[in-house]
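Biologist: Could you walk me through this model and tell me what stands behind the labels?

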Amino acid sequence: MSTDTPPLTPAAPPRGAAREGTAPAPAPAPVPAPAPQVPAPAVTASAVPARTPAVSVPVVSVPVLVEQVWEAVIGGDQARAAALATGALEAGLEPEALLLDVIGGLQARIGREWAADRITVIQEHAATAVNERVVALVAGHPAFAAVAARQPDRGRVAVACVDGEWHAFPARLLTEVLVLRGWRVDHLGAQCPTPHLIAHLHRTAPDALALSASLSTRLPAAHAAVTAAQAAGVPVIAGGAAFGPDGRYARLLGADAWAPDARTAAERLARGLPLPSTPHQPVDDLPHLADQEYTLVSRSSRELVGAVMAALERERPAVRSYTPLQRAHTLDDLGHIVEHLAVTLYTGDPELFTAFTDWTREVLRARGVPDALLAFALTVLREQLRDLPRSVAVLTAALSTGDAA
Amino acid sequence: MASSSPAATTDREFLNAAPYPVVVLGPDGALLHSSPSARRLLAASAADGVPPWLLRAHLDLAADGARPGPVRHAHPVAGPVEAHPTPRPDGSTVWWLVTPEGCAGLLPRTAGDGACDWELLTRLSGLLLSSLNVDRILETVARQAALHLADAAVVVAPGGRTLRLVTCLRDGDPAHVQVRADPAEVPGLAEALQGFPPVPSRWIDPDAAPQWLRPAGFGRVGSVLVTPLPGHGVPAGALVLLRAAGGGPFATEEEVFARLFATRAGAAVSAAVMYSEQAAVTDLLMRELLPPRLEHLDGVDYAGGYRASVDRDRIGGDFYDVHPADQPGGETLALLGDVSGKGLEAAVMTGKVRNTLHALLPLADDHGRVLNLLNRALLTSRHTRFVSLVLASVRREDDRVRVRLSAAGHPAPMVLRADGRVTDSTTLGSIVGVLPEATTCTDTVLLDPGEACVLYSDGITEAKGGPTGREQFGEHRLRQALAQCAGLPAEAIVERIQMLTAQWLRDGRHDDMAVMVIAAPPHGHLPVVTGRRGDTA
């Protein structure tokens, strides 16, 4: 096991880190950019003879632009990234395409590069910060205001990340897209405590709440937010990798709508969400919570982590000789495993845990770390939780897919 | 009954007006007919059909036709019930269910033809209670009233100089309308809007109803009922129910139901009015106490992050500010501090400290003097609180940034070098607000492009959590975390620290946590742009 890589799992999945088949919103578009639709100047249109609008539209190749901005962002060259972005706007690229296909595409790529161990988590932070600065800059560009001014007033919408969610970027992109499409947006950003969110909804009564979550461990918090918002009379559209590639967890948690990416979310919102039906309790959606397994596992997560760590140190000599930093990493990683187990018990979908362990295996393989320790940790965990039938089933399923892989 | 003619039995209108609940059971106990009040009475004890006690009594009836006696039953809702059977020639039996209070005792359970009942009222109450937003509740009131009580409903909102109406046609969507009109044109409306004196709901002449009271798209008005929404000391507005011409007037039961609905609507509206007034006051006060958004200023990057000890609050005892220089080339004063205590009281105190420091800006060249004046102000105030803080005077000098740091009872800021080294600044000073004199020793730090100075409160280093849940995050973990952040933009460093401490804490309790980064921008730098549209965070 190399000294500078986490022994078991990454410290935290990065922004936009995509599990297999899980496209973080918004999905990158690998196709060449559609010809941007620049409105012909209405006043002179009849006076200028035979000039097709297509001639005046400069061709901005999105894939080329993505590649150029990527070089700038990953090299930390903020000024160049900004110049490329504003240049593309001025060359006629639609602001929305810039946001979603270029910047959103970059963000998804940052996640992929990190998972493949081609960039560090710190580079990932830095690149995201550059991306955020670029978004802030281009959102202030006159081209944005011009597009937004052409839209009818569509109403008011709140955009928030689930409590405890740090991946604020997808929500930020959605906010800008909705502004472009004529919405009044209250951007509540990351780490928005649910009580604060609900107070905001009561005060402003938006037409909808767009709720973003990237980490599946935040699903219980997302559930609390969804039911509370609906109880306050505000329908919820959910988005982000946490809700599953097909939005299954959005449906499970009773969200009024789900969207795989920012464009779909904007289109869904434009059609209008129906007011939520009669208020319901979170537990109504998930009757299996009655067995208390989620509560038991999440409450005793620290003890579980301690027990697995002790077993690792007992049985695996390599682990005994870890440096304090490696040991701290391992404890973190075990914490993530238990967290994902807990959220799997919450949703009642064993596939959630299997997807997590599969993804972890891939990340480990990319870093040349043997995944035997993962299987060992899962086995110890299963022994610890032998009295909890659902937990045992989940861990058994994860272990068997590991054997097959 | 022997005297019942066939015509009367087929037309069972008379059952509706029966003074007592009536059911007709077939020879096998099947329910043939029932009056609406009987249906409500029986529904309370059996999901549908005939309750067991009545069925038993029915099947026990003597087959010889001898006149049977009444059967008594204790009903869970209506109380004691006497069931008087009257056999009919065709073998069926009419059961007269005598309740002490007659139908009147069952009245609140209903209005009209059974479409309105307790169940409906409960559901409507649930809808009304779900929101604390005045407009949302007025919409709900209008929509539900139009759906269940009338052909159209108009809710007149409380307060405001112009009349604000929410109108809704049956099965339509509520619409907000503003009119300049005198509520006194509608009898009882002005009183209802003032919330005083109390007035009963009343009928008004449909022809006398002013035009503005008729929702757009509503045809000829048949009848109009104005019901005040009782707000318990807070005006809650009024509900106007309209029926189309030819729809018939409101039955007494319907009026009763409308009044019950109005009571609940009024309670919901007044609660929302009070909540929104409180929220507006809180917001206004909070705005002054929230940490400011930091940005690029005079060639230096600033970023700040704040997490209050109570996640519900957004304010607490930590604070930071950046005051731009009053002239070009002057020093920017950045500061970060921590008032003893936490929660709202501490937050109010931070407001005073921040104001005092703001007033002392002209003296900011001399950190010792500023701290001493603040010290004196705190000693002479009636509060016993004290404050620890760091003052940082920042000036860009060509590519580099010079930072003069003075700590007062506060952790010395850390300095992050371009190569990832993390050093402590050497500033040290006494806490402010305790001793007669505040002393400090100032340290000057020079930042090259890509280097940063990190000010933090002890909430960061004392955050308890980790694998055991009892360990402090500690300075060494902060140092380790910063060492990895070399060259990062200021806001990314702040975010990284906040993220690591949040992961460390998990759901553990913590003190207020504040962090501010002052960074010399690296080459190829793009200033942070703020003031975006719609940003309310």
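Modeller: What follows is a short round of questions and replies on a predicted model.

Biologist: Let's begin with the sheet. What makes strand 2 and strand 5 of chain A edge strands?

Modeller: Five strands of chain A form an open sheet in the order 2-1-3-4-5, with parallel pairing. Strand 2 and strand 5 (257-259) each have a single partner strand, so one side of each has no neighbour in the sheet. Neighbouring strands here are turned by 25° against each other on average, ignoring direction.

Biologist: How do you know that strand 1 and strand 2 of chain A pair?

Modeller: Two strands count as paired with at least two bridges between them. Strand 1 (residues 155-161) and strand 2 of chain A share six bridges in the parallel sense, so they pass. One of the links joins Ala158(A) to Asp186(A), its bridge partner in strand 2 of chain A.

Biologist: What packs on that sheet, touching strand 1, strand 2 and strand 3 of chain A?

Modeller: That's helix 8 of chain A, whose direction makes about 175° with that of strand 1 of chain A. Helix 9 of chain A packs on the sheet too, touching strand 3 and strand 4 of chain A, and its direction makes about 180° with that of strand 3 of chain A.

Biologist: How do you know that the span of helix 9 of chain A agrees with what its 13 residues should give?

Modeller: At 1.5 Å a residue, residues 219-231 should span 18 Å, and the end C-alpha atoms of helix 9 of chain A are 18 Å apart, which agrees.

Biologist: Why is helix 9 of chain A called mostly covered?

Modeller: A residue is buried if 20 or more other C-beta atoms lie within 10 Å of its own. In helix 9 of chain A, 10 of the 13 residues are buried, so "mostly covered" fits. Among them are Leu219(A), His223(A) and Val226(A). The buried residues of helix 9 pack against several elements of chain A, including helix 10 (248-252) and helix 16 (324-347).

Biologist: And which residues touch the most other members of the largest nonpolar core?

Modeller: In that core of 193 residues, they are Leu211(A), Ile237(A), Ala392(B), Val517(B) and Ile518(B). Helix 4 (residues 95-115) of chain A gives the most to this core, 10 residues.

Biologist: What makes the core of 53 residues a second one?

Modeller: The core with Ala150(B), Leu163(B), Leu193(B) and Leu242(B) among its residues is separate. Cores are joined through C-beta atoms within 7 Å, so a separate set counts on its own.

Key:
Residues are numbered from 1 along each chain as its sequence is written. Chains are lettered from A and ligands numbered from 1 in the order in which they are written. This is a predicted model: local features need pLDDT of at least 70, side-chain atom pairs count only at pLDDT 80 or more; totals for chains, interfaces and linings use all residues. Helices (H or I, at least four residues) and strands (E, at least two) are DSSP runs, numbered from the N terminus. The expected span of a helix is 1.5 Å times one less than its number of residues. A residue is buried if 20 or more other C-beta atoms lie within 10 Å of its own, exposed if 12 or fewer, and partly exposed in between; C-beta atoms are placed from the backbone. Two residues are in contact if their C-beta atoms, placed from the backbone, lie within 7 Å. Axes are lines fitted to C-alpha atoms, for helices over the stretch in contact, and angles run from 0 to 180 degrees between N-to-C directions.
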